[in-house]
Amino acid sequence: MLCTRLTNARFLTMDPDHPVAHDLGIWQGRIVGLDEAVTSLPAREVVDLQGATVLPGFVDAHVHLAWTGFKQNTPSIAGLTRVDDVLAVVAEAVARTRAPGDWVSIAGYDQRALGRHLTAADLDRVSDGRKLYLLHDSGHGCVVNTAVLDLLPAGIPHENGFLAEQAMGAARALRLPHSQEDLAEAIGRAARTCLTEGVTACAEAGIGGTLFGHSPVELGAYQLARDKGLLPLRVQLMVSADRLSPVTAHQTDGIPRALDLGLRTGFGDDRLSVGALKVYTDGGMMARTAALTRPYEGLDHAGQLQDDPEVLTGLIVDGHLAGWQLAVHAIGDRAADIALDAIERAQRIRPRPEARHRIEHAGLIRPDQLPRFARLGLSAVVQPNFLRCFGDDYASIMGEERAPWMYRGRAFLDHGIPLVGSSDRPVADGSPLRAVQFMVERASTSGQFIGPDEAVTVDQALHAYTVAGARACHWEDRLGSLTPGKHADLVVLGDDPRSVDTSRIGDIEVVETYVDGRPSRPSRPSRPRD
């Protein structure tokens with residue numbers, strides 16, 4: 001007997017052997033059959049989906065769950081365009097603290113909305129003895145007041161209180177880490193948001209590190225979230241590469257640096273596992289720190305690398321030698337050169353064609369870099385909603401020649417490079433359906449077309465958020481398509497993305513999300529069992 005049979009729906013399976021179905025059978029959290037293989041079988045529950053369209057649950061291959069959850073509960077200045085209005089929000093947050101010396105965090109900082117960066121002097125006007133920390137929306141910088149600057153080690157560079165990249169990490173290090181309890185609650189909040197958008201599995205893009213880590217025992221917080229029933233979807237954890245340390249392993253192992261006990265990609269189970277090693281090579285376009293081969297339009301600099309190229313190369317090579325899948329953050333084309341050179345060197349030293357190394361973001365990729373991507377077997381993990389939300393700004397700072405190279409789609413596929421969809425939430429909108437719409441239209445929210453030649457089909461965009469996402473996380477044997485034997489993770493939609501006008505894809509209702517055959521909300525009315 002089936003546990004559940006879902007019927008009266010249009011199942012877009014993403015499986016070429018059985019692309020469309022009308023019935024789907026579930027037993028103990030797995031898909032056991034489609035159509036005639038299950039239609040006549042008895043089931044404890046039969047759910048009539050009333051003509052809905054059903055897809056495999058979306059895989060978001062690059063998110064920041066803890067950061068998302070904390071941001072949801074942090075005072076925000078997002079959307080404010082006047083410095084005085086920003087300072088009023090900060091002053092209100094300060095007034096809610098208990099004592100001088102407390103830390104006050106503010107979310108939503110973006111200098112573009114204000115026309116300039118805030119300064120430490122600005123914040124000092126409303127700090128009242130508190131330590132103020134305004135995190136840039138990109139995650140690659142922050143603004144702090146003088147009380148924080150006075151605590152930083154000598155030589156930490158800043159621009160009137162704005163700290164970028166590793167300098168930001170020095171400010172973060174001054175604070176106590178979050179407790180595992182608080183982390184678990186934040187992770188749970190973000191996970192529930194993912195479910196409402198049809199995401200059933202995601203890759204957390206870097207735990208435990210200087211830039212985005214929240215605790216030296218952060219992995220334990222995810223385990224606690226699971227133990228407490230706060231982790232309703234599948235999560236794969238990328239470990240920040242700065243957690244590696246030198247080891248004296250046996251010489252035949254050839255492992256110069258490792259995580260404690262040799263932990264690496266693949267440890268864990270279907271719900272919570274360790275994924276790739278996250279290596280940061282540069283910053284981001286929002287903060288103007290993505291490393292380019294020539295300057296930003298209208299600026300006198302070309303961004304920055306996170307460290308000396310040889311240091312970054314050594315980290316990438318050592319991670320490869322230790323058996324990790326690599327997820328290399330490279331937004332600018334100069335950073336991509338560093339990543340490509342290092343991965344090529346690593347594969348020469350110890351060939352691992354099955355490693356499925358990934359380039360996270362691949363935000364600006366020159367035409368000459370595409371064949372190297374393909375030759376090295378790399379996946380491009382892109383964030384289409386970056387251009388949907390910020391594309392007008394990004395196009396202006398890249399200029400006419402480079403703008404079409406941003407967050408590519410078609411060019412990756414034409415070169416045989418796996419195109420993987422993701423959000424980088426909370427940096428940008430997390431909705432896969434709105435990202436799919438952008439991938440097909442290549443239009444920002446203002447209507448500006450950005451690299452229209454990089455447009456892909458609806459099927460290719462859906463593939464990026466299902467099949468390709470699962471493969472990038474080594475989940476292809478259990479997720480990504482509605483195939484018998486795989487987990488019954490699926491999303492029920494109010495319309496078919498392949499049938500509606502392209503401009504409506506992003507607004508399609510997510511009716512329900514199933515993980516292991518169980519709905520995240522009470523299911524539609526079901527018929528008595530057969």
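I take two strands to pair if DSSP finds at least two bridges between them. Strands are DSSP runs of E of at least two residues, helices runs of H or I of at least four, both numbered from the N terminus.

**Basis.** I am reading a predicted model, in which local features need pLDDT of at least 70 and side-chain atom pairs count only at pLDDT 80 or more, while totals for chains, interfaces and linings use all residues. Residues are numbered from 1 along each chain as its sequence is written, and side-chain values use heavy atoms, without hydrogens and water.

**Sheet.** I looked up strand β17 (residues 272-280) and found that it pairs in the parallel sense with β18 (residues 326-330) over 4 bridges. V279 stands opposite V328 in β18. Both strands belong to an open sheet of 8 strands with parallel pairing, ordered β8-β13-β14-β17-β18-β19-β20-β21. I noted β8 (58-63) and β21 (419-421) as the edge strands, each pairing on one side only.

**Core.** I next looked up the largest nonpolar core (buried Ala, Val, Leu, Ile, Met, Phe, Trp, Tyr and Cys residues joined through side-chain atoms within 4.5 Å; buried is under 20% relative accessible area with a 1.4 Å probe, protein chains only). This core has 123 residues, and M285, F373, M406 and F412 have the most contacts inside it. Helix α8 (residues 180-196) gives the largest share, 8 residues. A second, separate core of 19 residues includes V83, A93, V104 and L132.

**Contacts of M285.** Beyond neighbours within four places in sequence, I find M285 in contact (heavy atoms within 4.5 Å) with residues including I331, Y394 and M406.

Technical notes:
Buried means under 20% relative accessible area, exposed over 50%, partly exposed in between (1.4 Å probe, protein chains only).
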